[in-house]
Each structure stands twice: as C-alpha cells, then as structure tokens.
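User: I am new to this structure and would like to go through it slowly, one question at a time. Please begin with how two of its helices cross.

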Amino acid sequence: NKFRLLVITGIKNSGKTSFLFQLKQKYFKDTLYLNFAHPRFYSFDANDLFKLDEIIDESGSKTLFFDEVQKLANWNQFIQQKLEDGFKIVVTASDAAIFENESDTGFTGLNKQLELFPFSFNEFCLYNSFNKNGKSVEKYLKSGGFPVYLESGSEEYLNQLFDDLLIRVIATKFGVRDLLSFKRLALHLLSNVGMYITGNQIKSHLGIKTTSTVMEYLNYLEA
C-alpha cells in the first residue's frame, strides 16, 4: 500500500496474470481488471481511450489492474493521467525494457517494480511435493519451471511457447527477416548446451550467410 503504481514484468507465461488475481483476492477486493491482450482490444487505439475512461468511471473502483499494458496505445500517458487522478494501479508487461527509463515514462519515484520468473528449483519441488534430491534435480532440468507445462505436460504447449518467444517477441523486436535461420540457430544452441561454439562454426553448420549475422542473432537471443 506504499506505492501508487506496481509494475509486474516477466517472461511470457511466467505467471503474471495468476499473480495479479492472487493480489486481488488477498489485498484488493474492489478492483477493475482489464487484459489488453484479449481479442476485444485488438483494434483498440489511442482514439478509443475515452471508452476506457467510461469503463473505469462505471466501475467506481479506484484501483486498476491492467494486464499486458504495453499493448495499449499511449499507455504511459494514460496511466500517468490516472495516477494524477488518484488511482492506484497494478500493471503487467512481458517486456521489462519499456519501464527501464522512468524519466521517459513519467513514473519517476511513483512505481515499485517486481520481476517474475518461472519456478525456481525450490518452488518446483514445493509445487510438486518433491523431496530435494538428485532425482528431483533431473526432473527439474527436464521439465523446467513454466507452471502451465507442469500442469498439462503438453509438448505442443512448449513448442508454441518457444515460437511465441522466439518469433513474436525476439525476432519482432529486433526486426529479424530470416526467421528460419534464426529459429535453426536457437534450436542448435538448445541442443548443444555447454558446448564450445564460434560464429564461423555456426555459419558453416547452419548455412547462415555471414558470421556477422550469426553474432547479431546471438546478441538478440542474449538481450
């Protein structure tokens, strides 16, 4: 309750929305929740912000929960306006970079940031009621810590998550054009964890045109 704006960031499907609802249930009973990744907001643009004001006014709530706020056009100006109007706001975003420069967003000194990650090993064991031993370490290394996969065991989910993160997040952010080579590089790295690699080696093995392109792709994956 000491903050006016709580910013929750984290990789896609790390549990940000679930955490929002946990906060709502425990601390904020009277809130307005909106998910800007929902299809009904796909065509929503800056000219529609007055509609959002109407929704907020009709709710009567002074606490706003905005999921995937970066998908809202002119989101920073809108949130700044609501903060000035006395609202308390909790937002989630899959791209932490949009909040890195507080002076650009206008939220200097107003916000508290929290980054969520998939389950750690300790959380993995707690979630599955496993003892912490070598066998549970092997299971964690094999299954990872994404809650949805641990619940469903769906390989299709993992494949879709990989494509979403690689193509729709990283490649889109950096303007990668040769998506096939970019994906082949990422798969090569995942299949050769711990192995020594060089740009020339990858260029020859995967048929990527230049070593400089390989190094750019590696930088994008690391960013």
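**Helix crossings and cores**

Analyst: Helix 9 and helix 10 form a right-handed crossing, where right-handed means that the near helix is turned clockwise from the far one by less than a right angle. This is a predicted model, in which local features need pLDDT of at least 70 and side-chain atom pairs count only at pLDDT 80 or more, while totals for chains, interfaces and linings use all residues. Residues are numbered from 1 along each chain as its sequence is written, and side-chain values use heavy atoms, with hydrogens and water left out.

User: At what angle do the axes of helix 9 and helix 10 cross?

Analyst: The axes are lines fitted to C-alpha atoms, for helices over the stretch in contact, and angles run from 0 to 180 degrees between N-to-C directions. The axes of helix 9 and helix 10 (residues 199-206) come within 11 Å, and the angle at which they cross is roughly 115°.

User: Which residues in helix 10 does helix 9 meet?

Analyst: Contact here means heavy atoms within 4.5 Å. On the side of helix 9 the residues are Arg184, Leu185, His188 and Leu189, and those they meet in helix 10 are Ile202, His205 and Leu206.

User: How is helix 9 oriented to helix 11: roughly parallel or roughly perpendicular?

Analyst: Helix 9 (residues 179-191) packs with helix 11 (residues 211-222) at an angle of about 65°, their axes being 11 Å apart. Angles of 65 to 115 degrees count as roughly perpendicular, and those under 35 as roughly parallel. Helix 9 is therefore, relative to helix 11, roughly perpendicular.

User: Which residues in helix 11 are met by helix 9?

Analyst: Helix 9 passes helix 11 in a right-handed crossing. From helix 9 come Ser181, Phe182, Leu185, Ala186 and Leu189, and their partners in helix 11 are Val214, Tyr217, Leu218, Tyr220 and Leu221.

User: Which element gives the most to the largest nonpolar core?

Analyst: A nonpolar core is a set of buried Ala, Val, Leu, Ile, Met, Phe, Trp, Tyr and Cys residues joined through side-chain atoms within 4.5 Å, and buried means under 20% relative accessible area (1.4 Å probe, protein chains only). Of the 22 residues in the largest such core, Leu52, Ile56, Phe66, Leu72, Ile79, Ile89 and Val91 touch the most other members. Elements giving two or more residues to this core include helix 2 (49-59) and helix 3 (75-84). With four residues, the element that gives the most is helix 3.

User: How much of the chain is buried?

Analyst: The chain has 223 residues, and the share of them that is buried comes to 36%.

Conventions:
Angles under 35 degrees count as roughly parallel, over 145 as roughly antiparallel, 65 to 115 as roughly perpendicular and the rest as oblique. Buried means under 20% relative accessible area, exposed over 50%, partly exposed in between (1.4 Å probe, protein chains only).
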